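The paragraphs below lead through the enclosed spaces of a predicted model and then turn to the packing of a pair of helices. Please keep the sequence and the structure in view while reading.

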Amino acid sequence: MSIPALDMKAPYRELKSELDAAYARFMESGWYVLGEETRTFETEYADYCGVSHCVGVSNGLDALHLALRAFGIGPGDEVIVPSNTYIATWLAVTYAGARPIPVEPNKRTFNIDPTRIEAAITSRTRAIMPVHLYGQPADMDPIMEIANRHALKVIEDNAQSQGARYKGRRTGGLGHAAAHSFYPGKNLGAMGEAGAVTTSDPAIAEKIRVLRNYGSQVKYHNQYKGFNNRIDELQAAFLRVKLHHLDAWNDRRCQRARQYLQGLQDCPDIILPGVPDWAQPVWHQFVVCLKNRDAVQKRLTGAGIGTLIHYPIPPHLSQAYSDLGYAKGAFPIAEDMADTVLSLPMGPHLSAEDAAKVVEAIRG
Ligand SMILES: *Cc1c(COP(=O)(O)O)cnc(C)c1O
């Protein structure tokens, strides 16, 4: 591909000297698990999200899972999730022993539709897990209002939106807790696997700290049947470097998104992402909807332009969740998205020239 969907080599090229220095510092430290890099990253990332605690963990899925566990959610409980998310959101609920209850998104923003949440609440509902999908914040005020009225916890899935703002406040600090993924392709990406939970609830932070480390606070004194879900010290060192560049890199994504929005605004047959006036998205993906999606994707591939589909099969129709018994048609908005969404090339290293070529190729 002459224009890849995401350039994975460019981040190292740009930050080589800083990342190499972090690597050397880590290697020479002689301390490879839960050390100074982890503690410092946790403080810096908590500050960034505007919360008082951050606990580094192994990946985004484990972050979601430990957050659910920390709130005591388990067998017999129900957790409301978007019908159109990446399957990890659902899997975390399953890991905890609870049942994911899908709610359809708003078609314009792709995020969970708050007006549909209350109909999904039962006596077993314990939590809502909104996902800030594609870099766009979910509509958190009505979600928090519903949650407070029904005494539910809100756990944000902030895997795709590090740095996004909702009414001026950063995602990751809007619910009772938030889970973050630092998978390499995310806006804040490690050079391997990593994740975190952020919260301003000290008891929840402490419980996650213990759960990630075999359920023990004092070595060999195990309070809970915990997990080995520790963040890797080397990844924490790399993340500290990359956190310093996150806002600048998100700004570059926003510039490319503006180019797409302007260049494609009068294009027939293409539905552009809608940005509410309270949202400051960070464009993890730039997703358009096209009736003739497969043909357009094929044409772009032929022109050397890489695109992706996030996601081709909604979780309720995946083989993994056949046990829940949902038939085709159960969640028509999510199903329609799976058939029509296309993610255009996006990232902090996509040049203005290349974004212009993408616009031209789609218009042609
Ligand atoms: C990436 C992602 C996750 C999982 O993160 P990992 O670090 O890959 O475990 C969870 N939810 C969403 C929405 C994601 O995009």
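The second largest cavity is bordered by T109, F110, L133, Y134 and Q136, together with P273, P281, W283, Q285 and V287. In character this lining comprises seven nonpolar and three polar residues, with no charged residue among them, and the space enclosed amounts to about 60 Å³. Domain 1 (10-243) and domain 2 (246-363) each supply at least three residues to the lining of this second largest cavity.

The largest cavity, with a volume of about 80 Å³, has a lining made up of N84, T85, Y134, H310, Y311, I313, P314, P315, A334, M337 and A338. Y134 thus appears in the lining of the largest cavity and also in that of the second largest. Eight of the residues that line the largest cavity are nonpolar and three are polar, while none is charged. Here, too, at least three lining residues come from domain 1 (10-243) and at least three from domain 2 (246-363). Over the whole structure, the search yields three cavities of 30 Å³ or more.

Turning from cavities to helix packing, helix α3, which spans residues 60-70, packs with helix α4, residues 88-95, at an angle of about 40 degrees, and the two axes lie 8 Å apart. Angles under 35 degrees count as roughly parallel and those from 65 to 115 as roughly perpendicular, and α3 and α4 are therefore oblique to each other. The handedness of the crossing between α3 and α4 is right-handed.

Definitions and conventions:
Residues numbered from 1 in each chain as written. Predicted model: local features only at pLDDT ≥ 70, side-chain atom pairs only at ≥ 80, totals over all residues. Heavy atoms only, no water. 1 Å grid on protein atoms, 1.4 Å probe; cavity = no way out; pocket = protein on both sides within 12 Å on 5 of 7 lines; lining within 4 Å. Points joined across faces, edges and corners; volume = space filled by probe spheres on them. Nonpolar A, V, L, I, M, F, W, Y, C, P; charged D, E, K, R; others polar. Domains from an automatic or database assignment. Axes fitted to C-alpha atoms, helices over the stretch in contact; angles between N-to-C directions. Helix = DSSP H or I, 4+ residues; strand = E, 2+ residues; numbered from the N terminus. Parallel < 35°, antiparallel > 145°, perpendicular 65-115°, else oblique. Left-handed = near helix turned anticlockwise from the far one by under 90°.
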